Amino acid sequence: MLPPEATAGLHLLYSGSPDAAIPLFRKLQAANPNDPLGYLLEGEAMWWKIYCTALETCYGFIGAWRRPKQSGDAAYFALADKTIALADARLKEKETPELHFYAGISYALKARLNALRDEKLAIARAGVRGREHVLRAITLDPDFADAYMGIGLYNYYVDTLSTIARVLRFFMGIPGGSKAEGIRQLERAIAAGGMSAVEARFYLAVNLRDHDRQYERAAQLLEPLVKEYPENPLFRLQLGNMYAKLARNDKAAEQFHAAERLASEGNIADPPCAARVRDIARTALSALK
């Protein structure tokens, strides 16, 4: 069971307030400086801030795919590395699925930012190390559902690589994956309702949109997130995007207007994120006309 600060912080994070969540995660760090959980959660909060400011619209899709290196990247990577180091140190004392999960997801956080920076070798290295940890977590406890989010994303992404990337994967010795199995694993993480359920639901939705054009299924996955976290503009932007792809323009406009209001009325504490949400929402609304 997660500590109260972690539960409260995650609710704030998924409600679209990572800046409000971070002090709670740092409180966990102060109370348990050798526990990787607080550092992992702060890394998650930093990722959502990065994701928000990297959002763009490309060929009618809303997402974060590329952005140049920035000075703040070093602090993000340092936090992920600290989480991994703490988890590894405690694993030497006692092996648990939770510690492997914390390390595995921290490698996934590194892979996400490396992907934005288009650093393919770094993505591969982080992905392989993260895979090793989450697989070990599942070996130790096959019912540890959170780990299925990590391995599910790995399997999905590796199976959707381009032909050139597949060749590179072969020569680099990167383990293969199955998209179908990845989807099943993500669905398992969602159904369990654990710490990773929200991210598993979000990433399964955007992946089904980006790679499989399954807009209906993607919308169905996102609708519960918007219902539970109505103040998160990122969830609303993505749901609006799914509705737009389904030609449900009235419902799409409702989500885009809501996201714009959240950005314009001071609900987003991070000014660059607020500006990005506002611009994306207005662009999306214009495209509906």
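Contact is taken here to mean heavy atoms within 4.5 Å. With that criterion, the surroundings of several helices and loops are described below for a predicted model.

The buried residues of helix α1 are covered by elements that include α2, α3 (37-53), α10 (197-212) and α12 (233-245). Helix α1 itself spans residues 4-14, and the buried positions in this helix are A6, G9, L10, L13 and Y14. Viewed down the axis of α1, these buried residues fall within an arc of 125°, so they line one face of the helix. Beyond the end of the helix, α1 is followed by G16, which has a positive phi, near 90°.

One of the elements covering α1 is α2, a helix formed by residues 18-31. The axes of α1 and α2 lie 8 Å apart, and the two helices pack at an angle of about 165°. Because an angle over 145 degrees counts as roughly antiparallel, α1 is assigned as roughly antiparallel to α2. The crossing of these two helices is left-handed. On the α1 side, the residues that meet α2 are E5, A6, A8, G9, L10, L12 and L13; their partners in α2 are P18, A20, A21, L24, F25, K27 and L28. By residue class, this contact between α1 and α2 comprises 11 nonpolar residues, one polar residue and two charged residues.

Within α1, G9 illustrates the packing of a single position. This residue is buried, since its relative accessible area is 0% and buried means under 20%. When residues up to four places away in sequence are not counted, G9 touches A21, L24 and F25, and these three residues are among those of α2 that meet α1. G9 can also be placed relative to E42: the two residues are 33 residues apart in sequence, with a C-alpha to C-alpha separation of 9.3 Å.

Helix α3, another of the elements that cover the buried residues of α1, contains E44. With a relative accessibility of 5%, E44 counts as buried. Leaving aside neighbours within four places in sequence, the contacts of E44 are with L13, I105, L109, R112 and E199. Among these partners, L13 is itself one of the buried residues of α1.

A second helix pair is formed by α4 (residues 73-93) and α5 (residues 97-116), whose axes come within 9 Å and cross at roughly 160°. The two helices are therefore roughly antiparallel to each other, and α4 passes α5 in a left-handed crossing. From α4, the contact involves D73, Y76, F77, A80, D81, T83, I84, A87, R90 and L91. From α5, the participating residues are L99, H100, Y102, A103, S106, Y107, L109, K110, L113 and N114. This contact divides into 12 nonpolar, four polar and four charged residues. L109 of α5, which takes part in the contact with α4, is also in contact with E44.

Two loop residues have positive phi values although neither is a glycine. Y59, with a phi of about 55°, is located in the loop between β1 (56-58) and β2 (61-63). At a relative accessibility of 76%, Y59 counts as exposed. A247 has a phi of about 60° and is found in the loop between α12 and α13 (249-264). The relative accessible area of A247 is 62%, and this residue is likewise exposed.

Terms used: Residues numbered from 1 in each chain as written. Predicted model: local features only at pLDDT ≥ 70, side-chain atom pairs only at ≥ 80, totals over all residues. Heavy atoms only, no water. Helix = DSSP H or I, 4+ residues; strand = E, 2+ residues; numbered from the N terminus. Buried < 20%, exposed > 50% of the residue type's maximum accessible area, 1.4 Å probe, protein only. Axes fitted to C-alpha atoms, helices over the stretch in contact; angles between N-to-C directions. Parallel < 35°, antiparallel > 145°, perpendicular 65-115°, else oblique. Left-handed = near helix turned anticlockwise from the far one by under 90°. Nonpolar A, V, L, I, M, F, W, Y, C, P; charged D, E, K, R; others polar. Arc of directions from axis to C-beta.
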